[in-house]
Structure formats: C-alpha cells, structure tokens
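Subject: Structure handover and notes

Dear colleague,

I am passing on the structure we discussed, and my notes on it follow below. Please read them with the coordinates open beside you.

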Amino acid sequence: MFEQEIAPLFGSLALSAIAAALPLLLLFVLLGAFKVRAPFAAFAALALSIVLAVVAWRMPPVQALSAAAEGVFYGLFPILWILANALWIYRLTVVTPWFEVFSRTIRSVSDDLRILSILIAFCFGALLESLAGFGAPVAISAAMLLAAGMAPLKAALVSLLANTAPVAFGALAAPVIALAGVTGLPLADIAAMTGRQTPFIAVLVPLILVFLVDGRRGLRQTWPVALAAGLVFGAAQFVTANFFAVELTDVVAAVLTIVAVLLMLRVWQPAELVGMNGAVEVGAVAVERPPAREVLMAVAPYAVVIAVFSIVQIPVIAQWLTVVGTVTFAWPGLDVVTAAGEPASAQTMHLDTLRATGTLLLLSGLITVALYRLASRTALRAYGATLHQLRWTIVTVTAVLGLSFVMNLSGQATSIGVALASAGGFFVVLSPIIGWIGVALTGSDTSSNVLFGPVQVAAAGQVGLPPVLMAAANSSAGVLGKMLSVQNLAVAAAAVGQPGSEGALLRKLLPWSLGLLALITVLIVLQSTPVLGWMVP
C-alpha cells in the first residue's frame with residue numbers, strides 16, 4: 001500500500017509544492033518559450049512527474065507506471081473515443097455535397113457581414129465545436145467568412161473570439177466529462193455549475209463580434225440580433241446542462257440560436273447592409289437558398305445526433321444501457337491511500353460502454369452513413385482520415401492524462417493544492433486565472449481540466465470553498481484562453497491564408513481575453529459568497 005504525503009521533501013510544504021509544479025512548468029516552458037511540439041512536451045512532463053513520484057514522493061515504481069497507464073487508457077476511452085467519432089461525423093458531411101448546401105443555406109440569409117459573423121462564427125462554429133472541436137470550428141468558420149467577403153485577418157479574429165462560448169461543452173462535453181473523471185466529482189454537478197457560468201460570456205460574445213466587424217456602427221445597428229443570439233445561446237446552455245443532457249449542451253444551444261436568428265431576420269433587418277471590406281450596401285441576397293429538402297438533408301447528421309442522445313435519456317432505455325454496459329473495476333497495480341487515510345478514488349475505473357458519448361456518436365455516424373447512402377469504403381476512408389488527423393492529438397491527450405493521473409495518485413496535485421490554499425480566500429481569484437493559463441498554453445480546455453482539475457479541488461478543500469465551484473471555474477474561465485493558444489492562432493492564420501500573422505492576432509485578442517476573464521472572475525468570486533452562493537449545486 002502506498003500512502004500519499006503532503007510535504008515529502010524535508011517536511012517542507014513550500015519545497016514539495018515547487019517540486020510538484022516542475023512537470024507543469026516544464027510543459028509550459030517547452031510549449032511557450034521553446035515552441036516544442038505538444039506531444040513531445042507532454043511526454044517530457046510525464047516522465048519528470050514519474051521520476052518525482054518515485055524519488056520524492058516515494059511511490060513504488062510499478063504503481064507510478066500503472067497510474068500513468070490508467071491515465072493513458074482514460075485518454076483513449078472515453079475522451080478520444082468522443083473526439084474521433086465526433087470528427088468522423090463532421091467528415092461524413094464534408095465528403096458529400098451536403099456540407100456545401102449547409103454553407104449556402106447560411107450565406108443565403110443575409111449579405112451583411114455582421115449578421116454572417118453571428119451565423120457562421122458564433123452559431124455554426126458552436127455547432128462544429130459541439131461535434132469536433134480541436135481547431136476545426138475556427139478553421140472552417142474563418143474560411144467561410146473569407147469566402148463571404150470578409151478581410152482575412154478580420155475573419156480569423158472573429159472566428160477565434162467566437163470560439164469561446166461553446167468550448168466548455170465542446171466535442172459532446174469532453175472537457176467537463178474529463179474534469180469529472182480526474183476530480184471524482186459528479187458529472188451532473190460539474191455540468192450544472194459550468195452551465196451557470198458560461199452563459200454570461202455567451203451573451204456578450206455576439207455583441208463583441210459585430211463590434212469587431214464594424215466598430216460602433218455595427219454595434220449600434222445590429223445589437224438587437226446580436227443580443228438575441230447571445231441570450232438564446234446562454235439560456236439554452238443553462239437549461240440543457242442543468243436539466244437535460246450535458247453532452248448535447250452545445251448542439252441544442254447552437255441549433256436553437258440559428259433558428260432564433262433566422263426567425264428574427266424575417267421581421268427585422270439592420271438599417272444598412274455592410275458588405276465586402278466594410279462597404280455599406282443595399283442589395284439582394286447574393287446566394288440562392290437551396291430547396292427545403294436539400295436543407296433538411298444538410299442538417300440531418302446534427303438532427304440524428306440530437307435524436308440519438310434524446311432517446312437514450314428515456315429512463316427505461318437509460319437504465320437498461322447502464323445495467324448492461326457499465327463496467328467497474330480496480331485498476332491493476334494500484335493500492336493508494338490519500339493523506340487523509342481514504343482510498344484514492346482515481347484508482348477505480350468506471351466504464352459506461354454502451355451509453356458512452358463516443359459510442360452514441362458512433363451509432364449516429366452509422367445512421368448518417370445509411371441516410372446519405374455512403375459506400376462502406378467511403379465511410380471507412382473518412383474514419384481513417386479522422387484518425388490520421390488526430391494522430392498527434394491522440395499522443396498529446398494520452399500523455400497529458402497520464403501526467404494528470406500520476407500527479408493525482410502520487411500526491412503531487414494535493415501538495416500543490418494545499419500550498420495554494422495558503423492564499424486563503426484569495427484562492428477564489430487565482431482559480432479562474434489558473435484555468436485561463438492552462439488553456440492558453442495547452443490549447444485545450446480538456447487538457448487544462450485534467451491538469452488542474454485535481455489541483456483546484458484539493459485547494460478548495462483546504463480553503464473551505466465548494467470543490468465543484470472551483471473545478472467548474474477552471475473550465476469556464478479556461479475557455480477565454482483558447483483564443484490566445486498558439487495552436488488555435490496557427491489554425492486561424494492558415495485558414496485565411498495568412499501564415500505568420502499569429503502575433504498580430506494575439507495582440508488584438510489579448511485585451512478581449514483579459515477583459516472577459518476579469519468579468520467571469522468577478523462572477524466566480526460572487527458565487528463563492530452568499531450573494532450568488534445559491535447558484536452552486
């Protein structure tokens with residue numbers, strides 16, 4: 001049996017916390033300063049964490065390696081199982097003419113670039129984020145805005161900033177699912193808490209987008225539709241995350257927002273149309289709207305996903321899938337007791353095979369294949385292309401999760417958390433900043449959650465703050481760092497044909513990122529007090 005120690009280095013909590021933070025520091029320095037590719041940086045940090053676990057925390061080598069293996073396995077299932085099947089569904093639409101039909105449908109709504117920024121970058125980008133994530137929404141929406149006549153850097157800027165509101169529930173809620181996995185907190189509680197934070201950001205994002213496109217004139221002329229989009233998206237996020245299916249949060253929010261914007265545009269239009277390069281125009285719709293049948297076929301995959309996830313929420317079906325498909329077992333080679341004398345929860349693996357988000361996405365993909373009458377060879381080729389695209393992501397995510405599990409089970413995360421707790425009540429201010437830094441450096445809310453989720457919970461327990469609030473803060477505030485991540489900046493710059501413009505994009509986005517971070521930090525601080533404490537599950 002291995003018993004965790006809080007201060008293994010000479011009995012000093014400060015030295016122990018500094019040593020525990022070295023793998024994270026190494027990861028960030030390699031990524032940020034030396035621009036080492038994420039997979040190699042993650043493996044270096046994992047290796048250092050294992051060495052520290054064995055040498056400093058005196059964890060048996062076999063248990064340290066077993067903890068890393070458990071993290072790798074958890075990275076493959078359920079996290080990457082979700083990402084692979086979500087991206088495969090998106091690819092199934094790309095290999096058919098229906099993606100172009102969907103694109104033409106959106107562009108047929110309006111000639112106004114401000115309206116298109118809401119529909120394409122905010123609404124459709126959120127729909128893509130709900131299924132794919134990992135840069136795909138930024139690349140696709142930036143390319144679509146460029147094709148609609150928006151200036152290259154502005155298209156990249158708009159797409160990057162729009163890719164904030166949906167990130168915490170992106171890829172069928174992969175970030176919050178991972179957060180629940182590494183912290184041991186109930187997924188329902190984390191999803192509910194996150195759903196009571198991110199909607200406040202969602203309300204503001206469309207307003208910022210129209211300001212970026214057309215300045216004060218854009219905000220003055222299009223604020224009704226921008227505000228409506230933000231309110232509908234935020235309300236849908238709250239309701240779905242709290243009362244329906246967390247996996248469908250962004251899907252429902254994006255679809256309802258698209259419908260709301262389209263309905264509003266039937267009865268309201270801005271006083272002027274701002275077209276290519278900001279020119280004020282008065283004209284007809286540039287793109288002809290496809291027939292209704294084609295539009296229905298274009299949105300069919302998203303409708304299938306919603307239908308499948310809705311059906312499995314029926315109590316009888318949900319219970320049957322849980323009974324038949326749930327597998328729980330102790331991970332071999334681990335016997336860990338926390339410093340408090342309790343068995344470490346992370347050493348027990350819970351697999352919900354049939355009801356897993358990735359499995360339901362695979363089923364949705366197979367239904368899409370049948371609906372589109374795709375040849376098996378075409379579908380398999382698309383899946384192979386998906387795995388090829390994700391090859392480095394697979395390596396990075398599994399290594400980061402291995403690092404997280406080693407830090408958690410060895411006691412390194414607890415040492416950091418206890419040290420941070422020495423900040424007392426001020427930790428509630430540090431918590432969202434930690435999440436923001438994590439996503440800015442790793443480019444992934446999922447990776448940031450698995451790295452810092454256990455740290456946030458450990459510190460919250462020491463300070464006396466609600467663990468679920470601090471865990472959700474890591475994810476909700478973290479999304480605001482994604483627009484600054486090197487990976488996303490590079491994706492956006494490449495999508496608009498402006499490689500090398502990452503620095504310019506970073507400088508323009510930094511004030512918005514910091515401003516939104518300040519706002520959500522104030523919200524989280526208030527949620528830790530009696531003023532808004534009633535919002536915590």
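By the rule used here, the count of salt bridges comes to six, and I should say at once that this is a predicted model. I begin with those pairs, then turn to the overall fold, the helix contacts and a few single residues.

**Salt bridges**

Side chains of opposite charge can pair when their charged atoms come close. One such pair is Asp112 and Arg114, whose side chains meet in a salt bridge with an N to O distance of 2.7 Å, and both of these residues are buried. A second pair is formed by the side chains of Asp214 and Arg217, with 2.6 Å from N to O. Both Asp214 and Arg217 belong to helix H10 (residues 198-243), where they sit three residues apart, or about one turn of the helix. Their surroundings can be told apart by accessibility: Asp214 has a relative accessible area of 12% and is buried, whereas Arg217, with a relative accessible area of 24%, is partly exposed. These two pairs should be read together, since Asp112, Arg114, Asp214 and Arg217 are linked in a network of salt bridges.

A further salt bridge joins the side chains of Lys482 and Glu129, at 3.9 Å from N to O. Lys482 lies in the loop between helix H21 (467-478) and helix H22 (486-495), while Glu129 lies in helix H5 (residues 113-131), so this pair ties together parts that are 353 residues apart in sequence. Lys482 and Glu129 are both buried.

**Overall fold**

The protein has 23 helices and six strands. Its radius of gyration is 23 Å, close to the 24 Å that the globule rule gives for 537 residues, so the protein is as compact as a globular protein of that length. The C-alpha trace spans about 75 × 50 × 45 Å along its principal axes, and 58% of the 537 residues count as buried. If one takes the contacts between residues at least 6 apart in sequence, 80% of them join residues at least 24 apart.

**Helix contacts**

How do the axes of helix H17 (residues 391-410) and helix H20 (residues 445-463) cross, and how close do they come? The two axes come within 9 Å and cross at roughly 5 degrees, which makes H17 roughly parallel to H20. On the H17 side the contact involves Val400, Leu401, Leu403, Ser404 and Asn408, which meet Ser447, Val450, Leu451 and Pro454 in H20. Sorted by class, this contact of H17 with H20 has six nonpolar and three polar residues, and no charged ones.

Helix H5, which holds Glu129, also packs against helix H4 (residues 98-107), and the axes of H4 and H5 come within 10 Å and cross at roughly 145 degrees. Here Phe99, Phe102, Ile106 and Arg107 in H4 meet Leu116, Leu119, Ile120, Phe124 and Leu127 in H5. By class, the contact of H4 with H5 has eight nonpolar residues, no polar residues and one charged residue.

Helix H7 (residues 152-162) is described here by its burial: eight of its eleven residues are buried, so H7 is largely enclosed by the rest of the structure. The buried residues of H7 are Ala155, Ala156, Leu157, Val158, Ser159, Leu160, Leu161 and Ala162.

**Single residues**

Ser66 is found in helix H3 (residues 61-94) and is buried, with a relative accessible area of 9%. When its neighbours within four places in sequence are left aside, Ser66 is in contact with Trp331, Pro332, Gly333 and Leu334.

Leu231, like the Asp214 and Arg217 pair, is found in H10, and with a relative accessible area of 45% Leu231 is partly exposed. The C-alpha atoms of Leu231 and Val203 are separated by 5.2 Å, although these residues are 28 residues apart along the chain.

Ala423 has its place in the loop between helix H18 (412-421) and helix H19 (427-442), and at 34% relative accessibility Ala423 counts as partly exposed. From Ala423 to Pro78 the separation is 345 residues in sequence and 35 Å in space, C-alpha to C-alpha.

With best wishes

Key: Residues numbered from 1 in each chain as written. Predicted model: local features only at pLDDT ≥ 70, side-chain atom pairs only at ≥ 80, totals over all residues. Heavy atoms only, no water. Axes fitted to C-alpha atoms, helices over the stretch in contact; angles between N-to-C directions. Helix = DSSP H or I, 4+ residues; strand = E, 2+ residues; numbered from the N terminus. Parallel < 35°, antiparallel > 145°, perpendicular 65-115°, else oblique. Contact = heavy atoms within 4.5 Å. Nonpolar A, V, L, I, M, F, W, Y, C, P; charged D, E, K, R; others polar. Salt bridge = Lys/Arg side-chain N within 4 Å of Asp/Glu carboxyl O. Buried < 20%, exposed > 50% of the residue type's maximum accessible area, 1.4 Å probe, protein only. Rg over C-alpha atoms; globule rule 2.2 N^0.38 Å.
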